[in-house]
Amino acid sequence: MTPQDDRPVSPATGDGAPHTRRQAKDAARQDEVRLENAVETADGELPPPAVPATAAGLGAGPAPDAPLLHRIMTGNALVAFLSVVLSLILGGLLIAVTDQNVARASSYFFSRPQDTLGAAWTAASGAYLALFQGSVINFEGDSFTRIIYPLTQTLTVATPLICAGLGVALAFRAGLFNIGAQGQILIGATFAGWIGFTLHLPAGIHLLLVILAGMVGGAVWAGLVGLLKARTGAHEVILTIMFNYIATNLVLYFLSTPAFQRPGSTNPISPQLDATALYPPLLGPAFRLHWGFVVAVLATVFVWWLLNRSTVGFELRAVGANASAARTAGVNVSKGYILAMAIAGALAGLAGVAQVSGTEKVLTSGVAASFGFDAITVALLGRSSPWGTFAAGILFGAFRAGGVAMQASTGTSIDIVLVVQSLIVLFIAAPPLVRALFRLPSPGAPRAGKGGSTTRTPASTGAAA
Amino acid sequence: MSTATTARVSDGTAVRSWKNPIILSVVALLALLVFALGAPGNDVTFRLSEEGDPVVLPSIVVSAPVIGWIAALAMLALAVLAILRTRSGQKVPTWVPAVFAVLFLIAFLTWVVGSARTPNVALYGLLAGSVTLAVPLIFGSLSGVLCERSGVVNIAIEGQLLFGAFAAAVAASLSGSALVGLVAAAVAGVLVSLVLAVFSIRYVVNQVIVGVVLNVLVSGLTGFLFSAVLSEDAERWNSPPRLPVIEIPLLADIPVIGPILFQQTIVGYLMYVAVAVVYVALYHSRWGLRTRAVGEHPKAADTLGVNVNRMRFLNVLLAGVVAGIGGSFFTLVAVSGFGRDMTAGQGYIALAALIFGRWNPIGAFFAALLFGFATNLSNVLSLLGTPVPDQFLRMLPYVVTVFAVAGLVGRSRAPGASGIPYIKG
């Protein structure tokens with residue numbers, strides 16, 4: 001099944017229809033009409049669209065003819081911005097409350113409250129300043145390289161996040177909750193790493209093979225989930241989670257075999273990858289940023305094209321929007337599940353390649369860090385759209401890169417980043433809450449109330465299909 | 001396309017489905033190859049009691065090849081039976097896969113223990129340990145039952161367990177009383193439930209999204225507090241007293257089942273009570289009927305005057321109590337003290353147990369026991385020294401889960417409205 005799984009990569013063969021390309025496109029257009037009808041006429045029996053992108057509740061945008069200020073006040077961008085601000089404030093409170101100096105000052109809070117407040121401000125702002133300096137621009141750098149170094153670190157960390165996030169987002173769009181990016185990254189990295197340190201090939205070809213192997217590895221691992229889901233109806237959330245654990249143990253096992261273990265080492269660590277198998281540095285040797293980032297950009301473009309401009313992508317979205325209607329309209333739902341998972345896995349595999357042949361240069365069981373789980377929040381924050389995921393990946397990359405720097409300089413645990421990230425996703429998913437907190441007007445005409453945001457109800461993706 | 005439709009038809013009317021016979025045949029052939037042909041030549045000892053016990057039972061000693069052959073041939077016979085039944089268009093009786101699974105388990109145990117360096121295992125310890133390990137799983141899956149039966153998908157079991165564990169450790173350390181920790185764990189579970197309920201019911205956010213994000217939130221929050229507060233002064237914040245094991249006199253001395261049933265901590269006894277109460281309440285009370293109605297067909301329930309969202313809200317909160325108490329197992333029973341991400345995915349396994357148990361409290365109970373058994377078996381076997389690599393043993397519970405949800409059980413049906421928010425009107 002391995003070669004088939006990569007078929008969607010080439011558009012002409014990825015269609016699966018027996019006709020020529022033009023016929024396929026015509027058929028797709030007809031399908032689109034039929035499908036829309038099917039969805040419309042499902043007489044309310046069928047669950048509403050399953051695409052978390054719309055499910056997040058932002059269904060109703062501001063009316064186009066509303067005054068500019070009103071449009072800004074009710075727009076999605078403002079809610080997103082306020083969600084980030086709110087989450088940062090809550091995170092800051094958490095930092096302040098747990099700070100030692102604040103605790104000391106609060107013992108005499110009633111005699112000198114300003115001490116407590118000052119200590120709280122110092123703790124929170126200090127942590128956030130360190131976070132910013134570690135992720136965007138380092139003011140204290142003495143050379144240009146030093147000053148922009150944090151920004152390149154952010155992009156380096158963002159690379160696997162974007163790739164894996166795209167995989168999760170793509171599966172979301174097909175109505176699948178892919179919690180298994182972690183395992184897919186690991187298996188992809190294992191395949192890629194093995195090619196990287198076992199074969200000794202000329203530059204160019206070697207890297208190409210490494211990338212390909214990583215994609216195949218991820219695609220096989222995730223495609224297996226798609227196959228099980230399509231054939232037995234097993235829930236993909238459970239399957240992908242279990243596959244994560246199995247992958248971790250599998251990689252640990254591989255790393256204890258002679259084929260993978262570094263000669264002379266008893267630790268579960270592989271030999272260094274060949275220089276020919278590594279992504280070259282993008283901005284010169286002073287930075288860790290590598291060409292994997294460019295691959296991530298290309299992957300984003302590809303996913304955008306796949307979802308919005310290709311027949312396969314259309315079918316996947318149809319399956320995600322309403323599997324029953326899609327089946328009625330002649331879409332092969334089983335194939336859709338397998339394909340969606342395989343492509344998602346290939347993208348996660350790319351993240352594995354970025355790690356093993358870009359950042360880490362060696363295969364360990366920790367090569368995936370927690371990128372696979374962060375990828376879920378990245379995809380959710382990006383509303384499962386390719387460029388949204390790209391932006392969210394960079395934001396979370398900044399959090400992570402900055403979090404490391406913050407932990408080193410102020411001692412604030414990097415776990416705070418997880419808190420802030422998950423709060424952001426929660427708030428963005430519930431715009432009415434954010435609007436209520438900031439007393440913003442709800443979108444649409446006042447008398448329509450929340451009607452706009454409730455007609456497009458969240459997904460049934462959670463229900464066992 | 002075609003597979004999906006035929007499978008759907010076969011669900012209701014039992015038109016030929018070749019899935020079961022094929023799986024059974026393949027597994028039976030594997031069993032023949034590994035357990036019978038590859039059986040170790042020695043005897044295997046299963047100890048039923050320890051020397052010092054009040055009642056000493058003789059150990060069961062069996063010959064590995066004999067058991068291997070008998071079990072493998074019996075499994076082949078069952079597979080043939082399944083094939084014949086399917087060919088003649090009849091339904092494969094439900095006892096066939098069940099007996100098959102038991103045979104497989106016996107053969108596997110005999111084979112794997114027989115191949116170990118010391119082919120001698122304490123069966124009673126294996127079983128008692130399984131129950132102990134299954135305790136948080138059972139609480140977790142009961143929490144899932146309560147939520148999903150009322151129509152809310154609960155992915156946040158992991159978060160409820162973890163926050164329960166955290167709160168139990170902190171409260172018990174500060175107060176010096178493990179019982180206070182138990183109550184705090186329940187409260188913590190409710191807090192997580194509250195967020196789940198508010199976001200998924202009030203703000204109709206996708207329930208799976210809320211669940212997944214809540215797990216991340218709890219993991220980050222407890223991890224942050226762990227490093228910022230708990231590890232700074234572990235003596236004060238993170239040294240909870242453990243719950244004592246309460247032995248019931250006489251009953252605890254019964255061999256094999258005594259330690260399982262009557263030698264537990266209060267959390268262990270609560271687990272049995274919770275399973276029974278949830279089962280009876282769900283199927284034999286007005287509350288249960290309403291809960292199930294709200295989860296299956298909210299519109300109908302609403303028409304008959306049941307407040308759908310209120311019912312769901314209460315159920316989700318109640319689920320938080322259950323899962324929170326389950327979380328206290330980690331810090332008050334298993335080990336004394338909280339550790340970062342110490343639930344290690346147990347919440348997800350509880351979710352799988354819930355599905356494997358077909359959304360039924362009793363079913364979930366046994367499914368969770370199976371996972372507890374798989375986990376404990378891998379622990380015991382790695383001590384015995386088997387030819388199977390350690391990593392594969394550690395995979396066992398997860399592989400069992402995959403087989404459980406994808407394999408022999410067939411298509412299990414979730415409550416009709418599970419995961420779909422109810423908007424009146």
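How many salt bridges does the rule find across the interface of chain A and chain B? I looked this up and recorded one salt bridge, a salt bridge being a side-chain nitrogen of Lys or Arg within 4 Å of a carboxyl oxygen of Asp or Glu.

**Basis.** I worked from a predicted model, in which local features need pLDDT of at least 70 and side-chain atom pairs count only at pLDDT 80 or more, while totals for chains, interfaces and linings use all residues. Residues are numbered from 1 along each chain as its sequence is written, chains are lettered from A and ligands numbered from 1 in the order in which they are written, and side-chain values use heavy atoms, with hydrogens and water left out.

**Chain A with chain B.** I identified the partners of the salt bridge as the side chains of A:D415 and B:R340, at 2.1 Å from N to O. I then noted three residue pairs in polar contact between the two chains, both residues at pLDDT 80 or more. A polar contact is a pair of N or O atoms within 3.5 Å; within protein, one must be able to donate a hydrogen and the other to accept it, and residues adjacent in sequence count only if both atoms are side-chain atoms.

On the side of chain A that touches chain B, I listed the helices that each supply at least two residues, among them α6 (76-98), α11 (205-232), α12 (236-254) and α19 (415-429). Helices here are DSSP runs (H or I, at least four residues), numbered from the N terminus. The most comes from α12(A), with twelve residues. By class, I found 38 nonpolar, 17 polar and four charged residues on this side. Ala, Val, Leu, Ile, Met, Phe, Trp, Tyr, Cys and Pro count as nonpolar, Asp, Glu, Lys and Arg as charged, and the others, Gly among them, as polar.

I recorded 59 residues of chain A in contact (heavy atoms within 4.5 Å) with 57 residues of chain B. The buried area is about 4,900 Å², 76% of it from carbon and sulfur atoms; this is the accessible area (1.4 Å probe) that two parts lose on being put together, summed over both.

**Within chain B.** I noted domain 1 (19-115) and domain 2 (126-368), with bounds from an automatic or database domain assignment. Their contact takes five residues from domain 1 and four residues from domain 2. The two domains of chain B bury about 360 Å² between them, 81% of it on carbon and sulfur atoms. In domain 1, B:L48, B:P54 and B:V55 lose the most area to domain 2, together 69% of what that side buries. I found zero salt bridges between these domains.
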